[in-house]
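Visitor: I would like a close look at a single part of this model. Please take one helix and go through it slowly.

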Amino acid sequence: MVNVREDVKNDLDVQDPPRYRVWIKSQTKRTKLVTDYDKKIAEKIAKLEEQLTQGQIQVQGQNDILTQALGTP
């Protein structure tokens, strides 16, 4: 996962990439998500990211987009 994180850092040109971006990259093989579950989570992430940019939701600390998409506390 460290190499994936480094790849995302370089892709986004940021020092600390969002965890959900690292997750999506780690679940992607040859530009496609591996399982149907991964696809559903990626769709949830996209919706949450849109809501975040529109100011409809807030993320803070461990309650980030990945946590919300996975439904984990």
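**A close look at helix H3**

Guide: The face of H3 turned away from its buried side carries Asp-36, Lys-40, Glu-43 and Lys-47, which are exposed. Keep in mind that this is a predicted model. H3 has 18 residues, and from its first C-alpha to its last it reaches 26 Å, close to the 26 Å expected at 1.5 Å a residue. The buried residues of H3 are Asp-38, Ile-41, Ala-42, Ile-45 and Leu-48. They cover an arc of only 125° around the axis, so they lie on the same side of H3. That buried set packs against H2, strand E2 (32-33) and H4.

Now take Asp-38, which is found in helix H3. Asp-38 counts as buried because its relative accessibility is 5%, and the cut-off for buried is under 20%. Not counting residues up to four places away in sequence, Asp-38 touches Trp-23, Gln-27 and Leu-33.

Other residues of H3 belong to the largest nonpolar core, which has 9 residues, among them Ile-41, Ile-45 and Leu-48. Helix H2 (19-26), helix H3 (36-53) and helix H4 (65-70) are the elements that give two or more residues to this core. In soluble globular proteins, nonpolar side chains tend to be buried together. One core member, Tyr-20, is in contact with Ile-45, Glu-49, Ile-65 and Leu-66, leaving aside its neighbours within four places in sequence.

Just after H3 comes Gly-55, with a positive phi of about 80°.

How values were computed:
Residues numbered from 1 in each chain as written. Predicted model: local features only at pLDDT ≥ 70, side-chain atom pairs only at ≥ 80, totals over all residues. Heavy atoms only, no water. Core = buried A, V, L, I, M, F, W, Y, C linked by side-chain atoms within 4.5 Å. Buried < 20%, exposed > 50% of the residue type's maximum accessible area, 1.4 Å probe, protein only. Helix = DSSP H or I, 4+ residues; strand = E, 2+ residues; numbered from the N terminus. Contact = heavy atoms within 4.5 Å. Expected span 1.5 Å × (residues − 1). Arc of directions from axis to C-beta.
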